[in-house]
Amino acid sequence: MANISREHWGSKIGFILAAAGSAIGLGNVWKFPYITGANGGAAFIIVYLGFILLLGLPILITEIVIGRHTGKDPVGAFKTLAPNSIWKNTGYIAIFTAFIIVSFYSVVGGWTLGYIVKSVLGEISKFENIKTSGGAFNNFIGNPFSMIFYHFLFLLTCLIIIQLGVKKGIERYSKILMPIFLFLIVLIIIRGLMMPGSFKGVSFLLDPDFSKLSWSAVIDALGHSFFTLSLGMGTMITYGSYLNKKEKILSSSVYIAILDTVIALLAGFAIFPAVFAMNMDPSGGPGLIFSILPVVFSNIPYGAIFAFIFFVLLFIAALTSAISMIEVVVAYLVDEKKWSRPKATYSFGFVIFLIGIPAALSFGAIKDFKIFFGYNFFDFLDKLTSNIMLPAGGLLFAIFLGWKYGLNKTMHELDQDTSVTVLKKVWAVTVKFVSPVLLLFVMIYPLMVIIYNYLKK
Ligand code: TRP
């Protein structure tokens, strides 16, 4: 079914690195450490690993199968598999979700650029305590000019790489950037472990304390196992659509999931030993990286250099992920609307720039504007996408492939992986039953909490 003239990844490793580049993002380096910190460390990690196996990996395989089977963008894929039915809307939901997520992801991507500049200018070395550091962070995100400027700069970097093409742009830069990322994170880990007292941080990550594990922590682990593998909005459908028929989907997916998980754990080891060595609070929440870590960097020898290294690695993580989100929409415009790649890239880029502005301003100019249940615009978009739209997308993908289209019609996509018939069966059962139930649970839980709190009043 695949279109022969369509661009393909140059190699299996190119695909794996591009997909891992998508998966490894702010979710790994920023969100995973702070939700782990807030939920008690090792016990949370164990639950999270379980969900990677029960939910993340099966849906990852599902998306890549849909993509490669059709060789199309998410809208085209559903149009091909279920012509003239409402299922094509699943593709449109994915595109719509991409619009929203990129717009605020790019804002945070801009923060990483801002902090690279701050470390070069030596400003980070002055953030000696949490008060100065937190204050500087709040000033930074409250400044409309720098927020919009860095959001623009970050987005532009993504667009330049994307318009070069799948092989010459996305694949080439993933192959350069991902090894650099790995090297930099190892440097930061070594530096952290050299600090006296860092071993408390290591045991925080390795000794499970199940008493800290609440229901909401379990839901966080569940939702994050999904977000971190870039699932639910057709990113992996799109990347899968560029995959050659001869490549193995099962083994590639396992590599992608392992790389993503290892990097999340390494990010924990890069951050917690240093945070504990400085006797700081590991449950610092979203500000963990931007306000607590700079304090660590200001108080150690050569801290400015390590701050620079750290924010560059964070920038790379954000860049390759944002690229994968933008590619969903670019692929749609190129495949369905027959636009040229540069035209699709820059037009969509411009729209994203505009949509990102309210998110960019939500900690400053429009900080007091609460859109929903006390959330500002930025938090609202984050919750809406992570808790509702992405799980809904994933649920539709799983139901479509498992129940509507039928797994037997796509099983041959897994034939390149020989001698793993058992795994194929496990996958089939998980996609049809386990993953949909887990996804429903992620979506319903916040509602249950709201109703419960309401009844309690
Ligand atoms: N996985 C990325 C991270 O952990 C974020 C991401 C990229 C993503 N593409 C996505 C999340 C598509 C959901 C859907 O930061």
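**Group meeting talk: a walk through one predicted chain**

Hi everyone, let me start right in the middle, at one residue: setting aside neighbours within four places in sequence, Phe290 is in contact with Trp30, Val108, Trp111, Thr112, Tyr115, Ser133, Phe137, Phe311 and Leu314. Contact here means heavy atoms within 4.5 Å.

A word on where this comes from. This is a predicted model, in which local features need pLDDT of at least 70 and side-chain atom pairs count only at pLDDT 80 or more, while totals for chains, interfaces and linings use all residues. Residues are numbered from 1 along each chain as its sequence is written, and side-chain values use heavy atoms, with hydrogens and water left out.

Back to Phe290. What is the largest nonpolar core, and which residues have the most contacts inside it? The core has 164 residues, and the ones with the most contacts inside it are Trp111, Phe181, Phe290 and Phe310. A nonpolar core is a set of buried Ala, Val, Leu, Ile, Met, Phe, Trp, Tyr and Cys residues joined through side-chain atoms within 4.5 Å. Buried means under 20% relative accessible area, exposed means over 50%, and partly exposed is in between, using a 1.4 Å probe and protein chains only. Helix H14, residues 303-335, gives this core its largest share, 23 residues.

Now let's zoom out. The protein chain has 17 helices and 2 strands. Helices (H or I, at least four residues) and strands (E, at least two) are DSSP runs, numbered from the N terminus. The radius of gyration of the protein chain is 21 Å, close to the 23 Å from the globule rule for 457 residues, so the chain is as compact as a globular protein of that length. That radius is taken over C-alpha atoms, and the rule is 2.2 Å times the number of residues to the power 0.38. Along the principal axes, the C-alpha atoms fill a box of roughly 60 × 50 × 50 Å.

How much of the chain is buried? Of its 457 residues, 59% count as buried. Among contacts with a separation of 6 or more, 82% come from residues 24 or more positions apart. The accessible surface comes to about 18,100 Å², and 70% of it belongs to carbon and sulfur atoms. Those areas come from the Shrake-Rupley method with a 1.4 Å probe, and for residues only the protein chains shown count as cover.

Next, a few residues to find on your screens. Helix H16, residues 377-406, holds Ser386, and Gly393 is found in H16 too. Ser386 counts as buried at 10% relative accessibility, and Gly393 is buried with a relative accessible area of 5%. Leaving aside neighbours within four places in sequence, Ser386 touches Lys31, Phe227 and Pro391. As for Gly393, its C-alpha atom is 24 Å from that of Ile170, a residue 223 places away along the chain.

Ser146 sits in helix H7, residues 144-163, and is buried with a relative accessible area of 11%. Remember Trp111 from the core? The C-alpha atoms of Ser146 and Trp111 are separated by 9.1 Å, with their positions 35 residues apart along the chain.

Is Ile180 buried, partly exposed or exposed? Ile180, in helix H8 (residues 166-193), is partly exposed, with a relative accessible area of 37%. Ile180 and Ile316 are 136 residues apart along the chain, and their C-alpha atoms are separated by 8.7 Å.

Let's finish in the loops. Pro196 lies between H8 and helix H9 (199-206) and is exposed, with a relative accessible area of 71%. From Pro196 to Phe311 there are 115 residues in sequence and 23 Å in space, C-alpha to C-alpha.

Two loop residues have a backbone angle to look at. Asn279 has a positive phi of about 55° although it is not a glycine, and Tyr302 has a positive phi of about 60°, again without being a glycine. Where are they? Asn279 is in the loop between helix H12 (249-277) and helix H13 (292-298), while Tyr302 is in the loop between H13 and H14. Asn279 is exposed at 62% relative accessible area, and Tyr302 counts as exposed at 63%.

That's my tour, and I'm happy to take your questions!
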